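This report is for a reader who has not met this structure before. Please look over the sequence and the model first, and then read on.

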Amino acid sequence: MSHPEAASEFLQDQAKAKWHDETLWFVRDKRDKIRETVPEWEELRELASQIKENVLGNLADYLEQFEQNAQRNGIQVHWAADAKEHNEIVLSILKKKDCKAIVKSKSILTEECHLNPFLEKNGVEVVDTDLGERIVQFLDQPPSHIVLPAIHLKKGEISELFHEKLQTEKGNEDPYYLTQAARAHLREKFLAAQVAITGVNFGVAETGEFVVCTNEGNADMGVHLADTHIACMGIEKIIPKREHLGIFLRLLARSATGQNITNYNSHFRSPEKGKEIHLILVDNGRTAQLGRENFRNSLKCIRCGACMNTCPIYRRSGGFSYKSTVPGPIGSILSPGLDLKKHGSLPFASTLCGSCTDVCPVKINIHEQLYLWRQEVTKAEGTSFKSLSMLFANRVFQNPLTYKISGKVMRKALQKLPHGLIYHAQNVWGKQRDLPEVPKESFKEWYKKHRG
């Protein structure tokens, strides 16, 4: 199913679609307000972009440095070429520990690798401990947003879900009550788990440590109670020095949710006595993206979700319409590189307004890359009805006489043709809107008549 088809399903509930749009714009507005409190905001963005540029140009060296320092700290480092290898490494660690149940904090990478269904298929219970992630896990859904996983659900729906899954009071929609119920439910899971899995926000090459950012403290709870910590990290998450963290941490939360900083920024450097830390460094298409000169900047992404909160298409079509782990504008750049056939419609899910680029904390030229992906998709598709239409339009616009005659013919035709013939099934644009009233003459004819 293409993005337009999936988006049309989301838009069937107009009231909910409007609420989704307004809620995300509220988050974008919070980002704008808090940005104004940081006079050096643009300098921070430029610094972050330059640091990431340096990393992408020297990625192999920084990864080797990071691995050496992490191992020196007592961290066991693993390398995974793709999602399959990543999942198998996780499973092998769990088998060695004879572990049948794990707790997991929010991790976009593990979603990308489809770790949950893989482990469940192999007899391991997986409990997502981020509240939003747990909600969508109850529904057997993927997250619809990388920072706000359950943003597509209203509190009434969550109340009904918790009544079914956690036996809460039916009809009670109080957020505090529902959160407390989830907290009691998850505490049991935390206490029972032998292994905790987290994502990684930043890996510091200089020290061999990694940083996990959460607002709920669930990563810390899981890691400190479990004997084994498995951290899953995309290879692009490297930064050179610890001092650079100050730049990215100031940008991340402000861009994501309009906060000064995430509530918990946890540094993991060495395992406690008697415990283990396993760090899995994952490629899964990142090296290929690095080799695409027009799209390598997309690897600067720090997964703040700001581009989604501002995008008029994402806000009005919902995260599930993208059918990819990372939806929205940045996902529309990353996903075609993984599977062009499956995600070929995503670069067209944009107005190219540039708002995503304006809010990106690491200054990724998102809308320009979307435009370039459109060209790649068109080349890959070869001759199609759309390409033939564009070729015909190009010929018409190139020749003034052809343009003049075509305009006259179309004005007459649109006035005479029956409604059903104009708004046929292939006219997708006309499904929700009517053409404007057909003018009697062209602008050029009007201008000659009235201005001489």
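The text below goes from the whole chain to single helices, residues and ring pairs.

**The chain as a whole**

The model is predicted. Its chain holds 23 helices and ten strands. Along the principal axes, the C-alpha trace spans about 90 × 55 × 45 Å. Of the 452 residues in the chain, 49% are buried. The accessible surface is about 23,100 Å², and carbon and sulfur atoms account for 54% of that area. When contacts between residues at least 6 apart in sequence are considered, 73% of them join residues at least 24 apart.

**Helix 10**

Helix 10 covers residues 175-192. Its 18 residues should span 26 Å at 1.5 Å a residue, and the C-alpha atoms at its ends are 26 Å apart, so the expected span and the distance in the model agree. The buried residues in helix 10 are Leu178, Ala181, Ala182, His185, Leu186 and Phe190. What do the buried residues of helix 10 pack against? Their partners are two strands, strand 2 (101-104) and strand 3 (125-128), together with helix 8 (131-138), helix 9 (155-166) and helix 11 (218-225).

**Thr198 and Pro240**

Thr198 belongs to strand 4, which runs over residues 195-198. Its relative accessible area is 1%, and because buried means under 20%, Thr198 counts as buried. The side chain of Thr198 makes a polar contact of 2.9 Å with the side chain of His229. Beyond its neighbours within four places in sequence, Thr198 is in contact with Ser105, Ser107, Val212, Ala219, Val223, His229, Ile230, Ala231 and Cys232.

Pro240 sits in the loop between strand 8 (238-239) and helix 12 (245-257). With a relative accessible area of 9%, Pro240 is also a buried residue. Which residues does Pro240 touch, not counting those up to four places away in sequence? They are Ile51, Asn54, Val55, Tyr62, Val204, Ala205 and Glu206. For one of these, Val55, the C-alpha atom is separated from that of Pro240 by 7.1 Å, although the two residues are 185 residues apart along the chain.

**Two loop residues with positive phi**

Most residues other than glycine have a negative phi. His114 has a phi near 55 degrees, which is positive, and Asn284 has a positive phi near 50 degrees. His114 is in the loop between helix 6 (108-112) and helix 7 (115-121). Asn284 is in the loop between strand 10 (276-282) and helix 13 (286-290). Is each of them buried or exposed? His114 is exposed, because its relative accessibility is 52% and the limit for that class is over 50%. Asn284 has a relative accessible area of 15% and is buried.

**Aromatic rings**

The count of aromatic pairs comes to eight. In one of them, the rings of Phe295 and Trp373 have centres 4.3 Å apart and planes at 15 degrees; planes under 30 degrees apart count as stacked, so this pair is stacked. The pair links distant parts of the chain, as Phe295 is in the loop between helix 13 and helix 14 (306-310), while Trp373 is in helix 19 (residues 366-381), 78 residues apart. Both residues are buried, Phe295 with a relative accessible area of 4% and Trp373 at 5%.

Phe443 and Trp446 form another stacked pair, with 6.0 Å from centre to centre and 25 degrees between the planes. These two residues are three apart in helix 23 (residues 443-451), so about one helical turn separates them. Phe443 is exposed, with a relative accessible area of 61%, whereas Trp446 is partly exposed at 32%. Ring pairs also bring in Tyr447, so that Phe443, Trp446 and Tyr447 form a cluster.

The two stacked pairs described here are set out below.

| Pair | Centre to centre | Angle between planes |
|---|---|---|
| Phe295 and Trp373 | 4.3 Å | 15 degrees |
| Phe443 and Trp446 | 6.0 Å | 25 degrees |

One further ring, that of Phe248, has a charged partner: Lys52 lies over its face, at 5.9 Å from the ring centre.

How values were computed. Residues numbered from 1 in each chain as written. Predicted model: local features only at pLDDT ≥ 70, side-chain atom pairs only at ≥ 80, totals over all residues. Heavy atoms only, no water. Helix = DSSP H or I, 4+ residues; strand = E, 2+ residues; numbered from the N terminus. Buried < 20%, exposed > 50% of the residue type's maximum accessible area, 1.4 Å probe, protein only. Polar contact = N/O pair within 3.5 Å; in protein donor to acceptor, adjacent residues only side chain to side chain. Contact = heavy atoms within 4.5 Å. Phe/Tyr/Trp six-rings, centres within 6.5 Å; stacked < 30°, edge-to-face > 60°. Lys NZ or Arg CZ within 6 Å of the ring centre and 35° of its normal. Areas by Shrake-Rupley, 256 points an atom, 1.4 Å probe, with all protein chains shown as cover. Expected span 1.5 Å × (residues − 1).
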